[in-house]
Amino acid sequence: MRVILLGAPGAGKGTQGALLAKRHDAERIATGELLRDAVRSDSPLGRKAKSYMDAGELVPDDLILEMVREVIAEEARDGFVLDGFPRTVDQADGLRAILNGLGMPLDGVVVLKVDDEVLIKRLSGRRPCPECKAVYNIYFDPPEQAGICDRCGAELQQRSDDDPETVKHRIQVYARQTRPLVEYYQASDTPVVFVDGAQPVDAVQSDIEDQLAGAVRA
Ligand code: AMP
């Protein structure tokens, strides 16, 4: 399986990408996570990326493409689910060149659609556990004791870019810079499918599977 998940921040790309990758034995490549790891380890890439991420802006395309090129070439031979990449037309052009070079065509693009009000609550309410990586939401899925992980007892955190103002800005950045990729891929040979991302997790996953199977058969 070689697919791209497109969707605004909070649309569920991380959750759905992990499920899809597991089921199809593919590598989930989430550029946001790779960048957060780089920031945490204070690598040269992390130092360059941090200010853009904190402001809810996109990290420059050349840095992203350099990072992704290596990961795809080294880890994605058996397939991949791209989560959060590409985010601009230049990144999509770069991806096309990388995949052509490796002889790995895309199977499909999945667009997860969720209304802005839901996105804002999902992101500004998100509280990840830094230890065991469980993710809670103070509106939809709160822990039993406020601020404490049910599973491991660690203190929950909030991503620095999940405060309400930065969340609104990230959604605008998506609309301006990333949503045009829907048309970009519709104009290509790669099938594009649309899934209602506001449904329960299992329903979204089975819609993705059904629609991709249908699109690849067509
Ligand atoms: P995410 O975890 O996908 O929401 O990404 C968090 C932040 O990382 C974004 O707001 C951007 O600052 C940065 N980022 C992640 N992926 C990309 C990308 N493909 N291009 C540019 N910036 C990115």
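Modeller: Before the ligand shell is read by class, one convention is needed: Ala, Val, Leu, Ile, Met, Phe, Trp, Tyr, Cys and Pro count as nonpolar, Asp, Glu, Lys and Arg as charged, and the others, Gly among them, as polar. Please also bear in mind that this is a predicted model.

Colleague: With that convention, how many nonpolar, polar and charged residues does the shell around the ligand have?

Modeller: The shell comprises 6 nonpolar, 4 polar and 6 charged residues.

Colleague: Which residues come nearest to the ligand, and which helix gives the most to the shell?

Modeller: Of the 16 residues around the ligand, the nearest are Thr31, Arg36, Glu57, Gly84 and Gln91. Helix α2, residues 31-40, makes the greatest contribution to the shell, with 4 residues.

Colleague: Where do polar atoms of Glu57, Arg87 and Arg159 lie with respect to the ligand?

Modeller: A polar contact is a pair of N or O atoms within 3.5 Å. For Glu57, a backbone N or O atom lies 2.6 Å from a ligand oxygen atom. Arg87 places a polar side-chain atom 3.0 Å from a nitrogen atom of the ligand, and Arg159 has a polar side-chain atom 3.3 Å from an oxygen atom of the ligand. The ligand taken alone exposes 480 Å², of which the protein buries 95%.

Colleague: Let us turn to the backbone. What kind of peptide bond joins Phe85 and Pro86, and where is Pro86 placed?

Modeller: In general, most peptide bonds are trans, and most residues other than glycine have a negative phi. The bond joining Phe85 and Pro86 is cis, with omega at about -5°. Pro86 belongs to the loop between β3 (80-83) and α5 (89-102).

Colleague: Is the phi of Asp25 positive or negative, and where does this residue sit?

Modeller: Asp25 is not a glycine, yet its phi is positive, at about 55°. Asp25 is found in the loop between α1 (13-23) and β2 (27-30).

Colleague: Finally, at what angle do the axes of α6 and α7 cross, and why are these helices called oblique?

Modeller: Angles of 65 to 115 degrees count as roughly perpendicular and those over 145 as roughly antiparallel. The axes of helix α6 (residues 116-124) and helix α7 (residues 164-178) come within 10 Å and cross at roughly 135°. The two helices are therefore oblique to each other. Their crossing is right-handed.

Terms used:
Residues are numbered from 1 along each chain as its sequence is written. This is a predicted model: local features need pLDDT of at least 70, side-chain atom pairs count only at pLDDT 80 or more; totals for chains, interfaces and linings use all residues. Side-chain values use heavy atoms; hydrogens and water are left out. A residue is near a molecule or strand if one of its heavy atoms lies within 4 Å of it. A polar contact is a pair of N or O atoms within 3.5 Å; within protein, one must be able to donate a hydrogen and the other to accept it, and residues adjacent in sequence count only if both atoms are side-chain atoms. Accessible areas come from the Shrake-Rupley method with a 1.4 Å probe; for residues, only the protein chains shown count as cover. Axes are lines fitted to C-alpha atoms, for helices over the stretch in contact, and angles run from 0 to 180 degrees between N-to-C directions. Angles under 35 degrees count as roughly parallel, over 145 as roughly antiparallel, 65 to 115 as roughly perpendicular and the rest as oblique. A crossing is left-handed if the near helix is turned anticlockwise from the far one by less than a right angle, and right-handed if clockwise.
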